[in-house]
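Please open the model in a viewer with the whole chain displayed as a cartoon. The stops below proceed from the overall fold to single residues.

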Amino acid sequence: MSYDLGLRLLAANQARRPDTFTLLGDTWDLLPGVFSPVYDASTRFFTTHLPYPPGGTMLEIGCGAGVTAVTAARICAQVTATDISAAAVANTRRNAERHGVADRVDARLGDLFDAVPDDARHDLVFWNSPFIESPADHAPGSDLDLAIFDPGYAAHRRFLERARGFTAPGGRVLLGFGSLGNRARLDGLAAEAGLTATGFATSAPDRDVTYQLLELTPRP
Ligand SMILES: C[S@@+](CC[C@H](N)C(=O)[O-])C[C@H]1O[C@@H](n2cnc3c(N)ncnc32)[C@H](O)[C@@H]1O
């Protein structure tokens with residue numbers, strides 16, 4: 001069922017492509033091939049509930065159209081935003097320009113942390129992840145596919161292994177997850193990485209789907 005709903009979300013993202021959208025009181029550019037935050041409530045919920053560090057630094061993995069990165073840059077001193085999709089990086093840069101925070105948003109192309117210097121440390125590390133686990137025979141067909149599905153949770157595994165290494169003392173790692181995700185599998189991968197996933201905030205149901213911000217902390 002999660003897979004079918006994911007395929008429907010993918011189809012909506014592919015079929016209807018406005019050039020702009022309105023969210024959280026602002027208008028945003030949307031480039032072709034970039035995850036659109038209007039077909040589900042994840043971006044809105046996570047962007048509203050993240051604990052942005054005032055005057056601090058944030059690393060956002062998977063920035064998409066840039067709504068969260070731009071919102072963070074209105075509160076943080078510096079936001080580094082990465083995405084595996086070149087179109088998403090261009091989209092985040094465009095929305096940072098549009099909203100006057102381009103000097104505080106450094107958008108970079110790369111797989112997870114690959115474009116981030118190894119010695120960079122952040123007060124908040126966050127990923128609104130593609131939390132629907134697709135079957136092994138699901139071949140990603142496009143960048144948009146990777147915005148929704150993570151085959152075998154391979155990217156989640158790598159995120160869990162590395163994320164805490166990019167936090168400053170006292171820094172936090174939050175993962176944007178949802179009820180369409182495989183929580184048992186995520187918890188298993190977190191344990192293997194020496195982490196515990198604890199609920200930080202949970203949304204009201206949106207068409208039977210809920211979204212969760214999970215905080216990842218070292219296991220005692
Ligand atoms: C659910 S979308 C969220 C996009 C945006 N943050 C938002 O909330 O609207 C997930 C994002 O993660 C990106 N992504 C997927 N796999 C990635 C990887 N291995 N490294 C970096 N970004 C990745 C996708 O391209 C997509 O932009």
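Helices (H or I, at least four residues) and strands (E, at least two) are DSSP runs, numbered from the N terminus. The model is a predicted one, in which local features need pLDDT of at least 70 and side-chain atom pairs count only at pLDDT 80 or more, while totals for chains, interfaces and linings use all residues. Residues are numbered from 1 along each chain as its sequence is written, and side-chain values use heavy atoms, with hydrogens and water left out.

**The whole chain**

Begin with the cartoon of the entire protein, which contains 7 helices and 9 strands. Along the principal axes, the C-alpha trace spans about 45 × 40 × 30 Å. The radius of gyration, taken over C-alpha atoms, may be set against the globule rule of 2.2 Å times the number of residues to the power 0.38. A compact globule of 220 residues would have a value near 17 Å, and the 16 Å of this protein agrees with that.

Next, display the surface. The accessible area, from the Shrake-Rupley method with a 1.4 Å probe (for residues, only the protein chains shown count as cover), is about 9300 Å², and carbon and sulfur atoms account for 52% of it. Colour the residues by burial: buried means under 20% relative accessible area, exposed over 50%, and partly exposed in between (1.4 Å probe, protein chains only). Of the 220 residues, 52% are buried.

A contact requires heavy atoms within 4.5 Å. Among contacts between residues at least 6 apart in sequence, 64% join residues at least 24 apart.

**The nonpolar core**

Which residues have the most contacts inside the largest nonpolar core? Select L50, M58, V79, F113, V125, F159 and L216, which hold that position in a core of 67 residues. Helix α3 (residues 67–73) gives the most to this core, with 5 residues. Such a core is a set of buried Ala, Val, Leu, Ile, Met, Phe, Trp, Tyr and Cys residues joined through side-chain atoms within 4.5 Å. In soluble globular proteins, nonpolar side chains tend to be buried together.

Centre the view on V125. Beyond residues up to four places away in sequence, V125 touches L59, F113, F159, A163, F166, T167, R172, V173 and L174.

Then move to V70 in helix α3, a buried residue with a relative accessible area of 0%. Apart from neighbours within four places in sequence, V70 is in contact with W28, N95, A96, H99 and V101. A distance line from V70 to G55, 15 residues apart along the chain, gives a C-alpha separation of 14 Å.

**Strand β6 and helix α4**

Select D123 in strand β6 (residues 122–128). D123 counts as partly exposed because its relative accessibility is 27%. The contacts of D123, leaving aside neighbours within four places in sequence, are P53, G56, T57, A168, G171 and R172. The C-alpha atoms of D123 and M58 are 5.8 Å apart, although 65 residues separate them along the chain.

Go on to V89 in helix α4 (residues 86–98). V89 counts as buried, at 2% relative accessibility. With neighbours within four places in sequence set aside, D83, A107, R108 and L109 are in contact with V89. F35 lies 54 residues from V89 along the chain, and their C-alpha atoms are separated by 12 Å.

**Loops and positive phi angles**

Most residues other than glycine have a negative phi, and most peptide bonds are trans. Select Y153, which is not a glycine yet has a positive phi of about 55°. Y153 sits in the loop between α5 (143–148) and α6 (154–162). Is Y153 buried or exposed? At 0% relative accessibility, Y153 counts as buried.

From Y153, step to I132, at a C-alpha distance of 8.4 Å and 21 residues away in sequence. I132 belongs to the loop between β6 and α5 and is buried, with a relative accessible area of 3%. Outside neighbours within four places in sequence, I132 is in contact with S2, Y3, G6, I148, F149, D150, Y153 and L180.

For the final stop, select R207 in the loop between β8 (195–202) and β9 (211–218). R207, also not a glycine, has a positive phi of about 50°. At 64% relative accessibility, R207 counts as exposed.
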